[in-house]
Amino acid sequence: MKIMIITSSPNKDGLTAACSEAAKQGVEAAGGEVLMVRLNDLEISKCQACDNGWGICRSEHKCKIKDDFQELHQFVDEADGYVMVTPVYWGEMSEAGKTFTDRLRRCEASNRNGRNKTQDKPFIAIAAAGGTGNGTLTCLSYMDRLFGHMRSERFDLIGITRKNRDYKLDAIRAAAKKMVIGVEA
Ligand SMILES: Cc1cc2nc3c(=O)[nH]c(=O)nc-3n(C[C@H](O)[C@H](O)[C@H](O)COP(=O)(O)O)c2cc1C
């Protein structure tokens, strides 16, 4: 059982990283395998909105831009579920998270004929905010809509801040573990 944990923070030891580590522990405690991806380490350029707005993402469910997206798209296919962790920037996902998922959504949301790579797979969305937690809800709502477009199955939406960090990390660990157990059942 493979769970892809995707993070989109430039900070290697911040709150996002702590969340991804907790999720990893949860997946592994349930006997699952982790595919860890740090988007900020990769070269992923922005969607070109080819032609009049749609390119081969619509017809072939692939992206024509040759960069690190291609390998990640393969990982998305291999994974049985997803944990996506983003820092909250302006009440939204970070730029790295948006750039990757903009391209992924085009390929998967438009794939209605065959099995799409994300369909019916569970996801946990985690929004890691600053002290105020402002914008956590809009960020989670954005992520929920994104995975909904790709027809993934919501497992949990978790907001975390510096103030509630300790017990929310426990919740992330428990959610990731339960998601793997649930997927296997
Ligand atoms: C450009 C930018 C915008 C931010 N916007 C928000 C925000 O809307 N709400 C919030 O609570 N924190 C906001 N923050 C703070 C980050 O969400 C917070 O520090 C987060 O924990 C960073 O994750 P990291 O520790 O993985 O870097 C922002 C930070 C940056 C750099």
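**Exercise 1. Identify which residue of β4 is the bridge partner of V85, and place the pairing in its sheet context.**

Step 1. The bridge partner of V85 in β4 is I126. Strands here are DSSP runs (E, at least two residues) and helices are DSSP runs (H or I, at least four residues), both numbered from the N terminus.

Step 2. β3 (residues 81-87) pairs with β4 in the parallel sense over six bridges; two strands pair if DSSP finds at least two bridges between them.

Step 3. On its other pairing, β4 (residues 122-128) runs parallel to β5 (residues 153-160), with seven bridges joining the two strands. Among the partners in β5 are R154 for F123 and I160 for A128. Between β4 and β5 the chain passes through helix α5 (residues 136-149), and this β-α-β crossover is right-handed, that is, with the strands pointing away from the viewer, the path from the first strand over the helix to the second runs clockwise.

The model is predicted: local features need pLDDT of at least 70, side-chain atom pairs count only at pLDDT 80 or more, and totals for chains, interfaces and linings use all residues. Residues are numbered from 1 along each chain as its sequence is written.

**Exercise 2. Determine why β4 is described as largely enclosed by the rest of the structure.**

Step 1. A residue is buried if 20 or more other C-beta atoms lie within 10 Å of its own, exposed if 12 or fewer, and partly exposed in between, with C-beta atoms placed from the backbone.

Step 2. P122, I124, I126 and A128 point one way from β4, while F123, A125 and A127 point the other way, and all are buried.

Step 3. Because seven of the seven residues of β4 are buried, the strand is largely enclosed by the rest of the structure.

**Exercise 3. List the contacts of I126 and of M179, excluding residues up to four places away in sequence.**

Step 1. Contact requires C-beta atoms, placed from the backbone, within 7 Å. On this criterion I126 touches C19, V83, M84, V85, I158, I160 and I172.

Step 2. M179 lies in helix α6 (residues 165-184) and touches G81, P122, I124 and F155.

Step 3. M179 counts as buried because it has 27 C-beta neighbours inside 10 Å. The C-alpha atoms of M179 and I160 are separated by 19 Å, and these residues stand 19 residues apart along the chain.

Notes:
Contact = placed C-beta atoms within 7 Å.
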